[in-house]
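Welcome, and thanks for taking a look at this one with us. Below is a short tour, meant to be read with the model open beside you.

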Amino acid sequence: MWQSKNRGSPVPEYLELQNTYEAAAGETVEWAMQELTRRYDNFDADDVKLTEKGNKVLISVQDLRFPDKDRWTKPQPLFDEEGNIRGDVSRLKGFQQATRSMLERLRALTERVEIEKRAEELQRELEKGDAEYAKQGQLLADAEKKSAHQDERMKEMRNQLDKTLRERDKAQRDLEEAQSSGTSTEALRETLEEREEEYMKQTQRLADAHRREVEFKDQEIRELVDQRTRIRRERNQTQRALNLALQELDLIKDDTDNLQTTIAGSLVERRRLMAEINTMEEQVRQRDQAIEDLEGQIERQQEVIADQTRTEEEREAAQRELETLQERVAELRAEKEKLEKELGLTTKEKVKRALVKYGIPLAFAVAISSVVGVILSTVKATGAGVSKLGSGLTDLGKKMAAGLPGLLGSVVSLVLRTGGELLKFVGNNVWILVVAIGVVLLKKMKG
């Protein structure tokens, strides 16, 4: 967090900036409470315990690994050296419960379950990859053994060739001796030719066998090595993806053996949280209905008060009843606002739900509600009420309606379809919806 060191000085602020966190003499529990309240709209001080040690504030939160017991985590530093909430603290479920709305926690828990399931799937892929890698290693070893066996066969063929060569040489010597002694050489010459022919065949056969062996062995081993390399590469990619998933889940490698238990626990927690949300949303609905009924009674009492034909006693009684009804409505609205805040049911979320409820596609509903949220946040930041918007927004809405044929009619149709529910969320200012939908349509057209 940054501010001017001398706010009254004419010197430009960018020349006199200081870090308010560094400027602090030391962290205090009071300051830390203020920071948590400022940073988190839904911060509940009852869900944390802050203590001081030296110049640091330590935090303990409820240990949700034991939800049925009043256990708290070991105190640990809340802020890092830059004044940000420490990562290991922000990942604690108890801290998330203390700082997030129920809908935010539900979204985070749903995302966590998806990551846990993805991690489990990656774990299975990794185990499968390990098995395939081992299998390829065995195939490669078998191929090398097969190559050794083929070498033995080649050795036998060479021995056979040597034998044939010796027989040919013997036939050659016999022929030469017969010629020297004047003995008939016809039969010996035929024998020599046969041995010569057999030797040539054996030589060709050995050459062919050697060529086939080399080609086959090289190709087979090359393919096996390539497959093994590919499997190792895919396995390493899976391992990296699993490590990232575990890092995001704040788990260690040993926890992969219990991923199913972890997922089951998250699903139980998610069902419990959804049950709580459904209960609170029903309470909001009940208060809405009660407020609507009381507002009808208020209108009737106002009619009695304005009716000059009624007696003074009747009008005074109606006035007292009106004040009682108005107090009750104020109480119900305060209860409703508290429930909505705890739920995280912002105007943006209400608009999105209403749009989806009446058939608008989710992606379009999210886009419109996001723009509505930005507009309302801007209005709130400037201090102007929704009902007191300047002419600028109205003029912008009119220009959009003129530039996008059918825009105004579509908005009016949407408002009628929702029974005025959307208008209630935006302070009955239809131009907010016109601008929001216009912005979304223009982005879509440009995209």
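## Briefing

A network of salt bridges links Asp288, Lys336, Glu340 and Lys350. Please keep in mind that this is a predicted model. In total, the structure holds 23 salt bridges, along with two aromatic pairs.

**The overall picture**

- The protein is built with 14 helices and five strands.
- It has 447 residues, and 32% of them count as buried.
- Taking contacts between residues at least 6 apart in sequence, 63% join residues that are at least 24 apart.
- The accessible surface of the protein is about 28500 Å², and carbon and sulfur atoms account for 49% of that area.

**Salt bridges to look at**

- In helix 2 (residues 29-39), Glu35 and Arg39 sit four residues apart, about one turn of the helix. Their side chains meet in a salt bridge at 3.0 Å, N to O.
- The two partners are covered to unlike degrees: Glu35 counts as buried at 9% relative accessibility, while Arg39 counts as partly exposed at 30%.
- Helix 5 holds a pair with the spacing of about one turn, Glu120 and Arg124, four residues apart. The closest N and O atoms of this salt bridge are 3.8 Å apart.
- Glu120 is buried because its relative accessible area is 17%, under the 20% cut-off. Arg124, with a relative accessible area of 47%, is partly exposed.
- Which parts of the chain does the salt bridge between Glu349 and Arg107 tie together? The side chains of Glu349 and Arg107 meet at 3.7 Å, N to O. Glu349 belongs to helix 9 and Arg107 to helix 5 (residues 102-181), so the pair ties together parts that are 242 residues apart in sequence.
- Glu349 is buried, with a relative accessible area of 10%, whereas Arg107 counts as partly exposed at 41% relative accessibility.

**Aromatic pairs**

- A pair of aromatic rings is described by the distance of the centres and the angle of the planes.
- One of the two aromatic pairs in the structure is formed by Trp31 and Phe79. Their ring centres are 5.0 Å apart and their planes stand at 50 degrees, so the pair is tilted.
- This pair links distant parts of the chain, 48 residues apart: Trp31 is in helix 2, and Phe79 is in the loop between strand 5 (76-77) and helix 3 (87-90).
- Trp31 counts as partly exposed, at 21% relative accessibility, and Phe79 counts as buried, at 2%.
- Is the pair of Tyr40 and Phe95 stacked or edge-to-face? The ring centres of Tyr40 and Phe95 lie 5.7 Å apart with the planes at 85 degrees, so the pair is edge-to-face.
- Tyr40 comes from the loop between helix 2 and strand 3 (48-53) and Phe95 from helix 4 (residues 93-99), so the pair ties together parts that are 55 residues apart in sequence.
- Tyr40 is partly exposed, with a relative accessible area of 23%, while Phe95 counts as buried at 2% relative accessibility.

**Nonpolar cores**

- The largest nonpolar core has 14 residues, of which Leu36, Val48, Leu50, Ile59, Leu78, Ile85 and Phe95 touch the most other members.
- At least two residues of this core come from each of helix 2, strand 3, strand 4 (56-61) and helix 4. Strand 4 gives the most, with three residues.
- What does Ile85 contact beyond its neighbours within four places in sequence? Ile85 is in contact with Leu36, Arg39, Tyr40, Leu78, Phe79, Ser90 and Phe95.
- A second, separate core has 13 residues, including Leu355, Ile360, Ile375 and Ile432.

**A nonpolar patch on the surface**

- Val356, Leu362 and Val366 form a nonpolar patch on the surface, and together they have about 230 Å² of accessible area.
- Val356 is in helix 9 (residues 347-357). With a relative accessible area of 37%, Val356 is partly exposed.

Methods
Residues numbered from 1 in each chain as written. Predicted model: local features only at pLDDT ≥ 70, side-chain atom pairs only at ≥ 80, totals over all residues. Heavy atoms only, no water. Buried < 20%, exposed > 50% of the residue type's maximum accessible area, 1.4 Å probe, protein only. Contact = heavy atoms within 4.5 Å. Areas by Shrake-Rupley, 256 points an atom, 1.4 Å probe, with all protein chains shown as cover. Patch = residues over 30% accessible without salt bridge, like charges linked within 9 Å, V, L, I, M, F, W, Y side chains within 5 Å. Salt bridge = Lys/Arg side-chain N within 4 Å of Asp/Glu carboxyl O. Phe/Tyr/Trp six-rings, centres within 6.5 Å; stacked < 30°, edge-to-face > 60°. Core = buried A, V, L, I, M, F, W, Y, C linked by side-chain atoms within 4.5 Å.
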